[in-house]
Amino acid sequence: MRVSVSDPDVRVLPPVSAEQLRRLADVQEDHEHVPGQILHHLGLTMSRVEWRSEITVRSQGLPNGPVCGVPSEVRLSLVHAEHSIRLAREIPRGGCLAREVLAHERRHAEVNRRTLRQAADALRTVARSWAARAEAQAPNAAAAAQLLQDDLTAAVEPVLAMLRDARQFGHDEIDTAEEYRRLGRVCPADQRRLSRSLGDG
């Protein structure tokens with residue numbers, strides 16, 4: 001049983017418009033916000049995790065089947081296939097507000113990385129337990145291998161669901177009304193320049 005994690009450093013990509021960030025985030029138009037405020041996205045952290053598996057199957061049975069297949073080797077990997085941060089290009093470059101928004105987004109990135117490591121530990125435990133009991137009765141070795149792959153997928157899905165829930169909880173703890181009020185108050189000079197760029201004032 002081998003479980004590996006691929007988690008490269010988060011990439012800070014070139015800025016795009018606040019409107020493009022809003023579309024990337026797929027924000028609903030009726031999203032709740034403070035009355036009288038215009039909803040803008042100043043930063044966005046994007047993350048996509050994939051899991052991959054490779055099972056070597058040992059089978060016994062008649063030449064023309066049926067066979068009993070068991071896993072002789074299992075390799076699993078959790079891969080951060082995408083992990084990036086973008087800021088709105090309307091934010092003054094290199095200034096106080098850019099640093100504050102980037103720091104906010106890096107907190108989201110740390111949630112992503114921490115929960116990925118936690119998921120890898122849980123995946124290791126679940127996969128070992130699965131491999132100890134896994135077997136498949138099938139007409140041939142190829143069918144047995146597919147049944148084992150399907151069974152492993154079903155065993156892994158609760159771990160992936162826990163990963164999604166843990167991420168959502170971590171992000172919700174960051175994206176509080178208090179935090180957004182704070183980000184709306186810091187760096188007043190940059191805020192004024194931002195408002196002009198966004199056409200808010």
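Is Gln-191 buried or exposed? Gln-191 is buried, with a relative accessible area of 15%. The legends below come back to that residue after a look at the whole chain. Keep in mind that this is a predicted model.

**View 1. The whole chain, with five helices and five strands.**
Start at the N terminus and follow the elements along: they run β-β-α-β-β-α-β-α-α-α. The radius of gyration is 23 Å, well over the 17 Å that the globule rule gives for 201 residues, so the chain is more spread out than a compact globule. Lay the C-alpha trace along its principal axes and you get a span of about 80 × 30 × 25 Å. As for burial, 37% of the 201 residues count as buried. Now take the contacts between residues at least 6 apart in sequence: 76% of them join residues at least 24 apart.

**View 2. Helix 2 alongside helix 3.**
Here we have helix 2, residues 96–133, and helix 3, residues 141–174. Their axes come within 9 Å and cross at roughly 155 degrees. Angles over 145 degrees count as roughly antiparallel, so that is the label for helix 2 relative to helix 3. The crossing itself is right-handed. What sort of residues make up this contact? Sort them by class and you find 16 nonpolar, six polar and four charged.

**View 3. Helix 2 again, this time with helix 4.**
Helix 4 covers residues 177–185, and its axis comes within 10 Å of the axis of helix 2. The two cross at roughly 160 degrees, which makes helix 2 roughly antiparallel to helix 4. On the helix 2 side, look for Leu-97, Glu-100, His-104 and Arg-107. Helix 4 brings Glu-179, Tyr-180, Arg-182 and Leu-183 to the contact. By class, that gives three nonpolar residues, one polar and four charged.

**View 4. A close look at Gln-191 in helix 5.**
Helix 5 runs over residues 188–198, and Gln-191 is part of it. This is the residue from the opening question: its relative accessible area is 15%, and the cut-off for buried is under 20%, so it counts as buried. What does Gln-191 touch, once residues up to four places away in sequence are set aside? The answer is Leu-97, Leu-183, Gly-184, Arg-185 and Val-186. Two of those names, Leu-97 and Leu-183, also turn up in the contact between helix 2 and helix 4.

**View 5. Ala-144, a buried residue of helix 3.**
Find Ala-144 in helix 3. Its relative accessibility is 0%, so it counts as buried. Leaving out neighbours within four places in sequence, Ala-144 is in contact with Val-67, Gly-69, Ala-136 and Ala-138. Pro-66 is worth picking out too: it sits 78 residues from Ala-144 in sequence, while the C-alpha atoms of the pair are 9.4 Å apart in space.

**View 6. Arg-89, in the loop between strand 4 and helix 2.**
Strand 4 spans 67–87, and Arg-89 lies in the loop between that strand and helix 2. Where along the chain do the contacts of Arg-89 come from, apart from neighbours within four places in sequence? They are Pro-15, Val-16, Ser-17 and Gln-20. Take Pro-15 as one of them: Arg-89 and Pro-15 are 74 residues apart along the chain, yet their C-alpha atoms are separated by 4.8 Å.

Notes
Residues numbered from 1 in each chain as written. Predicted model: local features only at pLDDT ≥ 70, side-chain atom pairs only at ≥ 80, totals over all residues. Heavy atoms only, no water. Axes fitted to C-alpha atoms, helices over the stretch in contact; angles between N-to-C directions. Helix = DSSP H or I, 4+ residues; strand = E, 2+ residues; numbered from the N terminus. Parallel < 35°, antiparallel > 145°, perpendicular 65-115°, else oblique. Left-handed = near helix turned anticlockwise from the far one by under 90°. Nonpolar A, V, L, I, M, F, W, Y, C, P; charged D, E, K, R; others polar. Contact = heavy atoms within 4.5 Å. Rg over C-alpha atoms; globule rule 2.2 N^0.38 Å. Buried < 20%, exposed > 50% of the residue type's maximum accessible area, 1.4 Å probe, protein only.
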